[in-house]
Amino acid sequence: MLKHNDRCTGSDYMEGTLSYLALQGWYDIDSAKGFNLLSATDKRRSIPRAHLLRLQTMQNEPIIRPVSQQVYHLRETHVRKVCRSINLTSLRDASEDFGIPNFGQLFRVQIEEDCGHEVSGLVLGYDQNLLLDSILIKLKNGLLYYHQPFHNPTSIECLGLDCKVEYTNANQGIMPEAHNIWVQYTQSEENDLDNTFQGQIPCFPVLYFTWTPVNQILQFQERLPAGKAISTFSKRCKITQQWVLRPQAQEYAVVIPTKYKDLHGWADCVYGFIRVVKQTNKIHIVSVGAIVGPVHLVWENPALGGMDSVWLLNNHVDLDTYWTVY
């Protein structure tokens, strides 16, 4: 891994140096093409068809000058893909299929946090059994996470974060292995930030899903707590041929958090890693926007397999290199 990391770092430094020299005037057409330093107009001029047309019409080759690459902005994490086995399901079915016994209660708590107690009661009602059957969600099995690579921070890359969805016996062998994730937490009565890594907690994803609020929720926007808002989008009505607002689909993740194994999160004197414990009894729902990237967790005792609940937080490896090699 160290050799791979050194090779990648050397290549990125060389690419950065050549790109800088090209922008300063030291370049040829091949290097400008190779590093994607051409404008849209120059790209059209440099294709083989344009070159052949200039030869036929006896035109001179145009002067092509490198330009700076377009700066891309980081996007928030969002869901991708629909689960292979099912597209739309109720909270009750999802609770049974994925082993989340209090899914309905967790969902209500999250909606109350997003919209307030009054609006959530008006939209969802107060009958828990009716809620489990009436609320339909779309299951997802992955996220798209945008980040700046360690080796080349001037670019933006997209990384897929999968969650192991075991819906039927038929798909257990083909579903991807789950990626452990960092989740950003805010200070509250239930969250103790002394047990986090600068406000972030390593978590195990159980399920990704989206829920689209009913149109009725737009009537209660004035009753939302301060600082809360409902995301909307414009849609053209086929009957009236007018543009109307509709609520945007909300993206959520069911996660299992962790906590420090040792006092104050001190690193183990032998391994040099911080040990965390999986808190299966504190499973809850978070917004997908609170997921800030992958984290590498390793079983403390791999021989025990799934029986071991203690994990080592691997902070000695560059994640970019890890995902590339493995």
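**Figure 1. Aspartate 133 pairs with arginine 92 in a salt bridge.** In this predicted model, aspartate 133 has a relative accessibility of 45%, so this residue counts as partly exposed. Its partner, arginine 92, is also partly exposed, at 28%. The closest N and O atoms of aspartate 133 and arginine 92 are 2.7 Å apart. Look at where the two residues sit. Aspartate 133 belongs to helix α8 (residues 128–134), while arginine 92 belongs to helix α5 (residues 91–97), so the salt bridge ties together parts that are 41 residues apart in sequence. Side chains of opposite charge can pair when their charged atoms come close.

**Figure 2. Arginine 45 and aspartate 42 form a salt bridge within helix α3.** The structure holds three salt bridges, and this view shows the one between arginine 45 and aspartate 42. Their closest N and O atoms lie 3.6 Å apart. Both residues are in helix α3, which covers residues 40–45. They are three residues apart, or about one turn of the helix. Which of these two is buried? Aspartate 42 is, because its relative accessibility is 8% and the cut-off for buried is under 20%. Arginine 45 has 35% relative accessibility, so it counts as partly exposed.

**Figure 3. Arginine 54 forms a salt bridge with glutamate 61.** The closest N and O atoms of this pair are 2.9 Å apart. Arginine 54 is buried, with a relative accessible area of 10%. Glutamate 61 is partly exposed, with 42%.

**Figure 4. Methionine 58 has a positive phi.** The angle is about 60°, although methionine 58 is not a glycine. Where does methionine 58 lie? The residue is in the loop between α4 (48–56) and β1 (78–80). Buried or exposed? Methionine 58 has 72% relative accessibility, so it counts as exposed.

**Figure 5. Phenylalanine 103 and phenylalanine 209 form an edge-to-face aromatic pair.** The structure holds six aromatic pairs. In this one, the ring centres of phenylalanine 103 and phenylalanine 209 are 5.6 Å apart, and the planes meet at 85°. Why is the pair called edge-to-face? The planes are at 85°, and an angle over 60 degrees counts as edge-to-face. Phenylalanine 103 lies in helix α6 (residues 103–115) and phenylalanine 209 in strand β7 (residues 200–211), so this pair ties together parts that are 106 residues apart in sequence. Both phenylalanines, 103 and 209, are buried.

**Figure 6. Phenylalanine 107 and tryptophan 211 form an edge-to-face aromatic pair.** Their rings are 5.2 Å apart, centre to centre, with 90° between the planes. Again, look at the elements involved. Phenylalanine 107 is in helix α6 and tryptophan 211 is in strand β7, so the pair ties together parts that are 104 residues apart in sequence. Phenylalanine 107 is buried, at 1% relative accessible area. Tryptophan 211 is buried too, at 5%. Which residues make up the aromatic cluster? The members are Phe103, Phe107, Phe209, Trp211 and Tyr252.

**Figure 7. The largest nonpolar core has 41 residues.** Those with the most contacts inside this core are Phe103, Phe107, Ile137, Phe209 and Val254. Phenylalanine 209 touches a list of residues beyond its sequence neighbours, including Phe103, Phe107, Ile137, Leu139, Tyr252, Val254 and Ile285. Lys138, Lys140, Gln250 and Glu251 are also among the residues that phenylalanine 209 touches. Apart from the largest core lies another, of 17 residues, and its members include Leu161, Cys163, Val183 and Ala253. In soluble globular proteins, nonpolar side chains tend to be buried together.

**Figure 8. Five residues form a nonpolar patch on the surface.** They are Met14, Leu18, Tyr20, Leu21 and Trp26. Together they have about 600 Å² of accessible area. Leucine 18 lies in helix α1, which covers residues 2–23. This leucine is partly exposed, with a relative accessible area of 38%.

**Figure 9. The protein chain has nine helices and 15 strands.** This last legend sets the close-ups in context. How many of the 326 residues are buried? Buried residues make up 40% of them. Among contacts between residues at least 6 apart in sequence, 66% join residues at least 24 apart. The accessible surface of the chain comes to about 20,100 Å². Carbon and sulfur atoms account for 52% of that surface.

Note on methods. Residues are numbered from 1 along each chain as its sequence is written. This is a predicted model: local features need pLDDT of at least 70, side-chain atom pairs count only at pLDDT 80 or more; totals for chains, interfaces and linings use all residues. Side-chain values use heavy atoms; hydrogens and water are left out. A salt bridge is a side-chain nitrogen of Lys or Arg within 4 Å of a carboxyl oxygen of Asp or Glu. Helices (H or I, at least four residues) and strands (E, at least two) are DSSP runs, numbered from the N terminus. Buried means under 20% relative accessible area, exposed over 50%, partly exposed in between (1.4 Å probe, protein chains only). Contact means heavy atoms within 4.5 Å. Accessible areas come from the Shrake-Rupley method with a 1.4 Å probe; for residues, only the protein chains shown count as cover. A nonpolar core is a set of buried Ala, Val, Leu, Ile, Met, Phe, Trp, Tyr and Cys residues joined through side-chain atoms within 4.5 Å. Patches are made of residues with over 30% relative accessible area and no salt bridge: like charges are joined within 9 Å, nonpolar side chains (Val, Leu, Ile, Met, Phe, Trp, Tyr) within 5 Å. Rings of Phe, Tyr and Trp (its six-membered ring) pair if their centres lie within 6.5 Å; planes under 30 degrees apart count as stacked, over 60 as edge-to-face and the rest as tilted. Lists of a residue's contacts leave out its neighbours within four places in sequence.
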